[in-house]
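Me: Could you take a close look at one part of this model for me and tell me how it sits among its surroundings? I work at the bench, so please explain the terms as you go.

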Amino acid sequence: MSLTMFAAFWAVSVLFVITPGADWAYAISAGINGRRVLPAVAGMLSGHIVATLIVAAGVGSVIAGAPGVLTSLTIAGAGYLFWLGLGMLRHPSAPMMVQDEDAGSRLKWALKGFCISGLNPKVFLLFVALLPQFTDGHSLWPLPLQMTALGLVHVVSCGVVYLLVGFGSGKVLQSRPRAAHNVSRISGGMMMIIAVLLMAEQFY
């Protein structure tokens with residue numbers, strides 16, 4: 001594959017990454033909670049990596065072409081996002097200067113992050129729609145390897161943006177408890193809206 005192809009895909013990928021969504025909302029929530037950005041982002045990136053490998057293996061196309069499977073995945077993902085957003089609305093995060101070192105708590109943030117990206121059908125559809133468009137059938141690289149490489153480019157872009165959003169929100173809101181509560185509620189509301197829109201798409 002040529003560097004031009006990678007650059008073109010990266011440009012398109014960044015446009016999707018910088019668009020606020022459930023991932024941004026979760027990164028902001030993790031930032032407000034102090035030392036939770038790294039496990040939260042790691043969890044979300046793990047979900048993207050799994051999606052990349054599934055699409056590269058050809059399973060993504062099967063999922064996209066199976067309405068029943070895709071609908072089930074969408075409902076599960078939407079339900080989880082709604083539940084998570086409702087929790088953020090009812091119990092908004094407060095800035096924490098000192099965090100405990102509870103490994104289970106960090107694992108919980110990572111698992112939530114994985115579910116947010118791993119249960120999001122739009123991640124699969126994005127890869128199914130984009131990755132094949134930027135592959136080269138005449139390249140020495142096998143198509144699955146090309147799609148995996150492109151997917152990892154997207155994952156790196158996600159990692160950079162999510163970390164900036166997470167740590168940035170933590171720094172800005174650390175000394176502003178009221179603002180942090182409001183931002184946490186807005187983030188929770190965003191998740192619930194996205195969940196409702198995902199559900200609505202299944203019936204219209």
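What follows is the part I would like you to look at, and then your reply.

Me: Please look closely at helix 2: which of its residues are buried, and what surrounds them?

Reply: Happy to. This is a predicted model, in which local features need pLDDT of at least 70 and side-chain atom pairs count only at pLDDT 80 or more, while totals for chains, interfaces and linings use all residues. Residues are numbered from 1 along each chain as its sequence is written, and side-chain values use heavy atoms, with hydrogens and water left out.

Let me set the scene. The chain has nine helices and zero strands; here helices (H or I, at least four residues) and strands (E, at least two) are DSSP runs, numbered from the N terminus. Of its 204 residues, 45% are buried, where buried means under 20% relative accessible area, exposed means over 50%, and partly exposed is in between (1.4 Å probe, protein chains only). Among contacts with a separation of 6 or more, 87% join residues 24 or more positions apart; a contact means heavy atoms within 4.5 Å.

Now to your helix. Helix 2 spans 22-32, and 10 of its 11 residues are buried, so the rest of the structure largely encloses this helix. The buried ones are Ala-22, Asp-23, Ala-25, Tyr-26, Ala-27, Ile-28, Ser-29, Ala-30, Gly-31 and Ile-32.

Much of the story is about packing. In soluble globular proteins, nonpolar side chains tend to be buried together. A nonpolar core is a set of buried Ala, Val, Leu, Ile, Met, Phe, Trp, Tyr and Cys residues joined through side-chain atoms within 4.5 Å. The largest such core here has 27 residues, and Tyr-26, Ile-116, Tyr-162 and Met-191 touch the most other members. Two or more residues each come from helix 2, helix 3 (37-56), helix 5 (67-90), helix 6 (103-118), helix 8 (143-173) and helix 9 (177-201). Helix 2 supplies the largest share of this core, seven residues.

Tyr-26 is a good place to zoom in. Not counting residues up to four places away in sequence, Tyr-26 touches Ala-40, Met-44, Leu-84, Lys-108, Trp-109, Lys-112, Gly-113, Ile-116 and Met-191. A second, separate core has 15 residues, including Phe-124, Leu-130, Phe-134 and Ala-149.

There is a polar side to the helix as well. The backbone oxygen of Ile-28 lies 3.4 Å from a polar atom of the Ser-169 side chain. That falls under the term polar contact: a pair of N or O atoms within 3.5 Å, where within protein one must be able to donate a hydrogen and the other to accept it, and residues adjacent in sequence count only if both atoms are side-chain atoms. The partner, Ser-169, lies in helix 8 and counts as buried, at 10% relative accessibility. A polar atom of the Ser-169 side chain also lies 2.8 Å from the backbone oxygen of Gly-166.

Next, the open space beside the helix. Rolling a probe the size of a water molecule over the atoms shows where empty space is left. On a 1 Å grid over the protein atoms alone, a cavity is a set of points where a 1.4 Å probe fits but cannot get out, and a pocket is an open set with protein on both sides within 12 Å along at least five of seven lines; lining residues have an atom within 4 Å of a point. Grid points are joined across faces, edges and corners, and a volume is the space filled by probe spheres set on the points.

The largest pocket has a volume of about 500 Å³. Its lining has 21 residues, with Phe-16, Gly-21, Asp-23, Asn-120 and Lys-122 nearest the centre. Helix 2 is among the elements giving two or more residues to that lining, together with helix 1 (3-17), helix 6, helix 7 (121-130), helix 8 and helix 9. Helix 9 gives the largest share, four residues. By class, the lining has 12 nonpolar, six polar and three charged residues; Ala, Val, Leu, Ile, Met, Phe, Trp, Tyr, Cys and Pro count as nonpolar, Asp, Glu, Lys and Arg as charged, and the others, Gly among them, as polar.

The second largest pocket has a volume of about 340 Å³. It is lined by 13 residues, of which Leu-84, Met-88, Lys-108, Trp-109 and Lys-112 lie nearest its centre. Helix 2, helix 5 and helix 6 each give two or more residues to this lining, which has five nonpolar, six polar and two charged residues.
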